[in-house]
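Q: Can you take me through this structure and show me how the labels people use for it are earned? I'd like the reasoning as well as the words.

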Amino acid sequence: MEDSLFPLDIAAAQKIANPSTSPEPDPNLLKVRDWFKMQSNLEARFGQALRQSIDEVLDGQRTGRFNIKDLEKTEKTYLGTKVEIITRAEFNLGRGEKMDFSISGHDVDSKFTSGDNWTIPREADGHICLLIKASDIKASYQVGLLRIHETLLNLGANRDGKRTPSAAGREAIQWIIPEGRLPENILLNLPDADINAIFKTGSSGQARTNELFLRVQGRLVNRNTVLTVARQDDSLKRVRDARHHLRSEGIMILGHQKQHPHIARALGLRVPDKGSWISIRVAHADDFEPTRRSTRISGQNYAVWKEGDSPVPAPTEY
C-alpha cells in the first residue's frame, strides 16, 4: 500500500470539493451527512467505535491476536457486522425499513472494509450507503456517504454478485470524515524483535507484561494491549506487579490514579486516562540541571533517563 492512506479516495475527497468535477448530491443524502456533522466529538467517537469493533473481533485476551490479517475469513466478514452494531449503539441509530440504519428518516446501509474498496450487494442499489474504511496499521480511517447507482459501480462482480465503487463512484462520495485518527494498535507497529521478546514461547503472563513495559516506553499502552499480552483473567493486576518487577531497571509505570498524572505532566509525558498506562526509565535529577524537567518523589528529584545517566532504581512508592 502507498504511504498515503487510501490515495484514490483522498484524491476523490479533494475533487468533490469542486462542483464542476462531480454532480451535486441529492438532498436526502445531504440531510444524512448534516446529521452526522452535528454530532459532538464525531471523529473521536467514530475512531473509538472502530477501535472497539476491531479489538472485540480480534479477541486478544483469549487468542493473543492483534492483527486483522490473522482473522479467519468468516471473522473478517463479521467485522463489518460488528462495526454496524457498535456504530448503531454509539450514535443511538434506529433500524431502517430495508437497510441497517434510519438516519433523519432515511434508510442507510452500513458498509465496512479494511481493504482497498467496498463490496456493494445488489439490494443496496438506489440506497444511501455509509461507507467506512479503516487501516489499523496506519491508525487511520475514513467515513463517507454514497447513493448507490449502476453508473457508480465497476462492471465486474464477485461470486455473490457484489460490485465495488468505480473511480466515478469514489469521486461522488460525500466525505463525513475524509481521514480520521484511529486509536493506535501499538503491537502492530513494534519491531519484530520486540514482538518476539514480548511473546516469547513459554513465558508467563507476568513475564510478557514486564517485557511490554520494558520495551514500550514513553507511549500510552491501553487496556486491550495489556489483555492481549497477559492473556489472563487478572491481566490488569499484572501491570501493578510489573511496577515491582521493573523497579530495579529504573522503570516507572504511570496510570491515572494517585500522583501519576502530576508526575507524567512534570516529566513532559502524555497523561494516561483511565485504562491506560505509560512507562519510562528514570534517573536522579541534579540541582545543577535547572532546565531539565523533573519531579520530586519521596525527597528525591527524578527525570527521564538519558544517555550518560547513571542507572538507579525507580522509587518504591509513587
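A: Sure, and keep in mind that this is a predicted model. Let's start with two helices, α3 and α5, whose crossing is right-handed. The residues in contact are R45, F46, A49, L50, Q52, S53, I54, E56 and V57 on the α3 side, and E75, Y78, L79, K82, V83, I86, T87 and E90 on the α5 side. Sorted by class, that contact has nine nonpolar, five charged and three polar residues.

Q: Why are α3 and α5 called oblique to each other?

A: Look at the angle: the axes of α3 (residues 42-58) and α5 (residues 73-90) cross at roughly 140°, coming within 9 Å. Roughly perpendicular covers 65 to 115 degrees, and roughly antiparallel needs over 145. The angle of roughly 140° fits neither range, so the pair is oblique.

Q: What makes β1 and β5 edge strands?

A: The open sheet has five strands in the order β1-β2-β3-β4-β5, and its pairing is mixed. β1 (101-103) and β5 (174-181) each have a single partner strand, so one side of each has no neighbour in the sheet. From one strand to the next, the twist averages 25°.

Q: How do you know that β4 and β5 count as paired?

A: The cut-off is at least two bridges. β4 (residues 140-147) and β5 have five bridges, in the antiparallel sense, so they pass. Within β5, G180 is the residue that stands opposite Y141.

Q: Which helices lie on the sheet, and at what angles to β5?

A: α2 (residues 27-37) lies across β1, β2, β3, β4 and β5, and runs at about 30° to β5. α3 packs on the sheet too, touching β2, β3, β4 and β5, with its direction at about 70° to that of β5.

Q: Why is N41 called exposed?

A: Exposed means over 50% relative accessible area. N41 has 59%, so it makes the cut. You'll find N41 in the loop between α2 and α3, and its phi is near 50°, a positive value in a residue other than glycine.

Q: What makes S298 exposed?

A: Apply that cut-off of over 50% again: S298 has a relative accessible area of 68%, so it counts as exposed. S298 sits in the loop between β9 (295-297) and β10 (300-304). Its phi is positive, about 50°, although S298 is not a glycine.

Q: Which residues of α10 are buried?

A: In α10 (residues 235-245), they are S235, R238, V239, D241, A242 and R243. These buried residues pack against α4, α8, α9, β7, α11 and β8.

Terms used
Residues numbered from 1 in each chain as written. Predicted model: local features only at pLDDT ≥ 70, side-chain atom pairs only at ≥ 80, totals over all residues. Heavy atoms only, no water. Axes fitted to C-alpha atoms, helices over the stretch in contact; angles between N-to-C directions. Helix = DSSP H or I, 4+ residues; strand = E, 2+ residues; numbered from the N terminus. Left-handed = near helix turned anticlockwise from the far one by under 90°. Contact = heavy atoms within 4.5 Å. Nonpolar A, V, L, I, M, F, W, Y, C, P; charged D, E, K, R; others polar. Buried < 20%, exposed > 50% of the residue type's maximum accessible area, 1.4 Å probe, protein only.
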